[in-house]
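Work through the exercises below with the sequence and the model at hand. Each task is followed by a solution in steps.

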Amino acid sequence: TEFVSANDLSSLMDVSVNDVIKVCMQLGMFVSINQRLDAEAITVIADEFGYNVEFITSEDEQALEDTIADDEADLIERAPIVTIMGHVDHGKTSLLDYIRNANVTAGEAGGITQHIGAYSVKTEGGRMVTFLDTPGHEAFTAMRARGAKVTDVVIIVVAADDSVMPQTKEAINHAQAAGSPIIIALNKIDKPGANPDKVREELAQMNILVEEWGGKYQSQEVSAKTGQGIPDLLEKVLLEAELLELKANPDRQAVGTVIEASLDKGRGYVATVLVQTGSLKIGDVVLAGAHYGRVKAMTDHRGKKMKEAGPSTPVQLLGLDGAPQAGDKFLVMESEREAREIASNRSQVQREQSLRTRKHITLDEIGRRL
Ligand code: GDP
Ligand code: MG
């Protein structure tokens with residue numbers, strides 16, 4: 001069964017449902033007999049009765065795992081997905097903007113750039129690189145907390161006329177915790193006060209030794225103002241990507257991650273998603289977190305219509321019945337009915353969970369006032 005109620009759980013453990021509810025109350029959870037329980041609640045309750053719970057992966061997680069089982073012969077190289085992190089004002093946005101605007105092909109010129117949270121560019125050598133345009137490690141961490149692993153390479157920006165700052169360190173810590181390779185961009189090299197060696201020294205002091213100094217970290221002096229060094233930075237990203245041997249199978253139903261989603265007055269729910277494997281097509285039935293729908297239209301970050309999006313391609317899609325959360329997985333399903341069922345079950349669980357949390361807070365509040 002897809003979901004477990006207090007009643008189901010009691011019969012699984014062969015105890016009375018009243019005992020389960022009693023234990024729930026002792027744990028501060030107020031559940032009714034047929035209320036669906038989330039994974040955490042099930043684990044905690046079962047533990048009280050001396051049971052360990054083994055969760056069998058749900059359908060979408062299974063689909064993601066299936067990507068590993070793709071036939072080697074079906075895999076093709078995919079573009080690296082890059083996140084830029086660093087201290088405020090060190091130039092993350094400027095760098096993202098420069099790269100997006102410099103790598104415009106003739107056909108695209110004139111297109112209005114939309115902010116869609118992710119974009120792909122073609123390098124001078126003709127290869128693709130995808131950037132997540134959700135700067136700041138909050139977005140990165142929030143997605144990781146939801147189990148999404150989207151970034152292949154992290155660029156840490158440090159302004160060469162400044163120093164390694166607290167947020168630089170935090171960003172490095174986050175990238176290391178995620179196991180993502182790091183490339184250092186020493187930005188603002190055009191400024192008269194730039195002293196990249198001072199920054200390299202500070203990085204060395206925290207065990208980030210750059211290649212020029214015999215370490216393992218690639219680094220590149222750049223200017224997001226003049227563009228100096230940016231093609232070299234992209235080449236270094238591709239070099240790092242080659243070591244990772246990033247591959248995916250384009251000939252299967254798409255699986256990926258939601259980058260952001262919102263309600264647009266004119267167009268309905270708009271979601272930016274990143275296809276990680278397979279190809280997403282117009283008309284596909286998509287399940288994304290607690291929402292579903294048929295893909296009505298897809299566009300890239302310049303508003304250009306797309307019919308199909310392969311691995312490592314970010315797209316903005318129309319057709320979902322709500323806004324999934326950043327970091328939610330999405331996948332294409334055969335059956336619209338099944339997608340609708342799973343989505344509605346998930347939204348019900350979300351509603352019940354938020355109700356319970358609210359109740360819980362209310363009781364605490366009363367307790368404090370007493
Ligand atoms: P963020 O907070 O990391 O996104 O930093 P921004 O991209 O907003 O940049 C902060 C300030 O530094 C802005 O005034 C930019 O114009 C400036 N800036 C960013 N990169 C460079 C650069 O390479 N050279 C110079 N001279 N200024 C830069
Ligand atoms: Mg910024």
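The exercises use a predicted model and treat its ligand site, its cavities and one salt bridge.

**Exercise 1. The shell of ligand 1**

Task: State which residues come nearest to ligand 1, and describe the shell by class and by helix.

Solution.
- Step 1. The shell holds 15 residues, and Asp 89, Lys 92, Thr 93, Ser 94 and Asp 190 come nearest.
- Step 2. Sorted by class, the shell consists of seven polar, six charged and two nonpolar residues.
- Step 3. Helix H5 (residues 92-102) supplies three residues, the largest share of this shell.

**Exercise 2. Polar contacts and burial of ligand 1**

Task: Find N or O atoms of the protein within 3.5 Å of ligand 1, then give the share of the ligand's area that the protein buries.

Solution.
- Step 1. Begin with Asp 190, which has a polar side-chain atom 2.7 Å from a nitrogen atom of ligand 1.
- Step 2. Turn to the oxygen atoms of the ligand: one is 3.4 Å from a side-chain N or O atom of Ser 223.
- Step 3. For Lys 225 the partner is a polar backbone atom, 3.4 Å from an oxygen atom of ligand 1.
- Step 4. Ligand 1 on its own exposes 570 Å², of which the protein buries 71%.

**Exercise 3. The largest cavity**

Task: Count the cavities of 30 Å³ or more and describe the lining of the largest cavity.

Solution.
- Step 1. There are two such cavities in the structure.
- Step 2. The largest cavity encloses about 90 Å³ of space.
- Step 3. Its lining comprises 13 residues; Thr 83, Phe 140, Met 143, Val 150 and Thr 151 lie nearest the centre.
- Step 4. By class, seven lining residues are nonpolar, four polar and two charged.
- Step 5. Helix H6 (residues 137-145) gives the most to this lining, with four residues.

**Exercise 4. A salt bridge across the chain**

Task: Locate the partner of Lys 247 in a salt bridge and place both residues in the chain.

Solution.
- Step 1. Side chains of opposite charge can pair when their charged atoms come close.
- Step 2. The structure holds 14 salt bridges.
- Step 3. In one of them, Lys 247 pairs with Glu 72, with 3.7 Å between the closest N and O atoms.
- Step 4. Lys 247 belongs to strand E10 (residues 247-248), while Glu 72 sits in the loop between helix H4 (59-66) and strand E3 (76-77).
- Step 5. The pair thus links distant parts of the chain, 175 residues apart.

Technical notes. Residues are numbered from 1 along each chain as its sequence is written. Chains are lettered from A and ligands numbered from 1 in the order in which they are written. This is a predicted model: local features need pLDDT of at least 70, side-chain atom pairs count only at pLDDT 80 or more; totals for chains, interfaces and linings use all residues. Side-chain values use heavy atoms; hydrogens and water are left out. On a 1 Å grid over the protein atoms alone, a cavity is a set of points where a 1.4 Å probe fits but cannot get out, and a pocket is an open set with protein on both sides within 12 Å along at least five of seven lines; lining residues have an atom within 4 Å of a point. Grid points are joined across faces, edges and corners, and a volume is the space filled by probe spheres set on the points. Helices (H or I, at least four residues) and strands (E, at least two) are DSSP runs, numbered from the N terminus. Ala, Val, Leu, Ile, Met, Phe, Trp, Tyr, Cys and Pro count as nonpolar, Asp, Glu, Lys and Arg as charged, and the others, Gly among them, as polar. A residue is near a molecule or strand if one of its heavy atoms lies within 4 Å of it. A polar contact is a pair of N or O atoms within 3.5 Å; within protein, one must be able to donate a hydrogen and the other to accept it, and residues adjacent in sequence count only if both atoms are side-chain atoms. Accessible areas come from the Shrake-Rupley method with a 1.4 Å probe; for residues, only the protein chains shown count as cover. A salt bridge is a side-chain nitrogen of Lys or Arg within 4 Å of a carboxyl oxygen of Asp or Glu.
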